[in-house]
Amino acid sequence: MPPICCLVVDEMHPSLKALMREVGVQIDYEPDLLPAEVPAALAKKAYDGLIVRSKVRVTAELLRHGPRLRFVARAGAGVDNIDVAALQAAGVQLVNAPEGNSQAVGEFAVGTLLALLRKVAAADAEVRQGQWRREANRGYELQARTVGIIGAGHMGRSFARCLRGFGCTVLGYDHDPAVQATDYLPLVPLQELQQRCDVLSIHIPYSPENHAFVSETLLRGFRHKLWLLNTARGEVLDHAALVTLLQEGQVRGAALDVLDNEKLAALKPEQRSRFEFLRAAPNVVLTPHVGGWTHESYQRINEVLARKIGELVR
């Protein structure tokens, strides 16, 4: 029986080859391929699998170049660059690894929330400029907050676990009825979340149905002024609404690890205007999509993928 072979087109932690060998899969590691070169590379050999990060969109057209594909694996949590319906139609299994970076995202969300509540970024910038303003940088304690989590999957649950030591109230909402509450993340209706919370953290995946799910209407429905976190995908948040509500004071501050367009050199005029406001605002923390990007998660994602692929090909 020929060996199971998989094409890898994005850079991965060096542990991947040994981990895949342990589960009986041989890899062709081609991280330097340009996106336009991936179809031809996939067609050159009868590959059983394809591993990607964000380099290419996996579409029905790309799948036609790999007629023997049994699986496509996404090295990470989000699968918004993968046409799931096309995979299903082709009988190709989808594998991803949200377990690999959920701890990283949970810890990061706590860090950015603390940075917002205690004005860490603004205070740091002032001290570097020779200003020593204690009263202006008086902050708020996390213990006194009620944190609402939209999206109670791997990432939302990880954030809730990381919050347990702070003594704050944590509530979750998820529109998927299959998602279960836990002892540290009780689930409530969205309207109750809006009535009780003064922190909102977004942890839903991107899909066409979730586009701008966190809308102006949803945000205006909160009884209390909000601190807002987004470590999910930029497109699930209406950034125009966010800017408006920051200007009005309904949103007290925001920590954004993701944007609706992360190619800063190619922003549309309206996106550029919003970005200029956000980067100048002292109550906004901006980071370059690194919530799940740690040395530990880089390797752990490989471990999760190898385990899942091994179970799939047995």
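# Close-up views of a predicted model

**View 1. The lining of the largest cavity mixes four nonpolar, three polar and two charged residues.** Everything shown here comes from a predicted model. The cavity has a volume of about 70 Å³, and the count of cavities of 30 Å³ or more comes to one. If you want to find the spot, look for His 239, Leu 259, Asp 260, Asn 261, Leu 267, Gln 271, Arg 274, Phe 275 and Leu 278, which line the cavity. Which helix gives the most to this lining? That would be α11, residues 269–280, with four residues.

**View 2. The second largest pocket holds about 270 Å³ of space.** Its lining is made up of 18 residues, and the closest to the pocket centre are Leu 116, Lys 119, Arg 252, Pro 282 and Asn 283. Sorted by class, the lining of this pocket has 11 nonpolar, three polar and four charged residues. Three elements each supply at least two lining residues: α5 (98–117), α6 (120–128) and β10 (251–256). Helix α6 takes the largest share of the lining, with four residues.

**View 3. Six strands form an open sheet with parallel pairing.** Read across the sheet, the order goes β7-β6-β8-β9-β10-β11. Why do β7 and β11 each have one side without a neighbour in the sheet? These two strands, β7 at 169–173 and β11 at 284–286, stand at the edges and have a single partner strand each, so one side of each is left free of a neighbour in the sheet. Going from strand to neighbouring strand, the turn is 15° on average, direction ignored.

**View 4. Here we zoom in on β6 and β8, and on the helix that packs on their sheet.** Strand β6 covers residues 146–150 and β8 covers residues 199–202; the two run parallel and are joined by four bridges. For a handy landmark, Val 147 stands opposite Val 199 in β8. Helix α5 packs on this sheet, touching β6, β8, β9 (226–230), β10 and β11. The direction of α5 makes about 150° with that of β9. You may remember α5 from the pocket view, where this helix is among the elements that supply at least two residues of the lining.

**View 5. Another open sheet has five strands, again with parallel pairing.** What is the order of its strands? It goes β2-β1-β3-β4-β5. The edge places belong to β2 (25–29) and β5 (93–96); each has a single partner strand, so one side of each is left without a neighbour in the sheet. The twist in this sheet averages 20° from one strand to the next.

**View 6. Strand β1 pairs with β2, and helix α12 lies across their sheet.** Five bridges join β1, residues 4–8, to β2, and the two strands run parallel. Look for Val 8, which stands opposite Tyr 29 in β2. Helix α12 (residues 295–313) lies across β1, β2, β3 (49–52), β4 (71–74) and β5. Compared with β5, α12 runs at about 155°.

**View 7. Two stretches of the chain carry domain names in UniProt.** An unreviewed UniProt entry lists residues 111–291 as "domain: D-isomer specific 2-hydroxyacid dehydrogenase NAD-binding". Over that stretch, residues 111–291, the chain is 33% helix and 15% strand, with the end C-alpha atoms 10 Å apart. For residues 7–309, the unreviewed entry gives "domain: D-isomer specific 2-hydroxyacid dehydrogenase catalytic". How much helix and strand is there over residues 7–309? The chain there is 37% helix and 16% strand, and the end C-alpha atoms are 13 Å apart.

Definitions and conventions. Residues are numbered from 1 along each chain as its sequence is written. This is a predicted model: local features need pLDDT of at least 70, side-chain atom pairs count only at pLDDT 80 or more; totals for chains, interfaces and linings use all residues. Side-chain values use heavy atoms; hydrogens and water are left out. On a 1 Å grid over the protein atoms alone, a cavity is a set of points where a 1.4 Å probe fits but cannot get out, and a pocket is an open set with protein on both sides within 12 Å along at least five of seven lines; lining residues have an atom within 4 Å of a point. Grid points are joined across faces, edges and corners, and a volume is the space filled by probe spheres set on the points. Ala, Val, Leu, Ile, Met, Phe, Trp, Tyr, Cys and Pro count as nonpolar, Asp, Glu, Lys and Arg as charged, and the others, Gly among them, as polar. Two strands pair if DSSP finds at least two bridges between them. Axes are lines fitted to C-alpha atoms, for helices over the stretch in contact, and angles run from 0 to 180 degrees between N-to-C directions. Contact means heavy atoms within 4.5 Å. UniProt positions are given in the numbering used here, feature names are shortened, and annotations may be inferred rather than shown by experiment.
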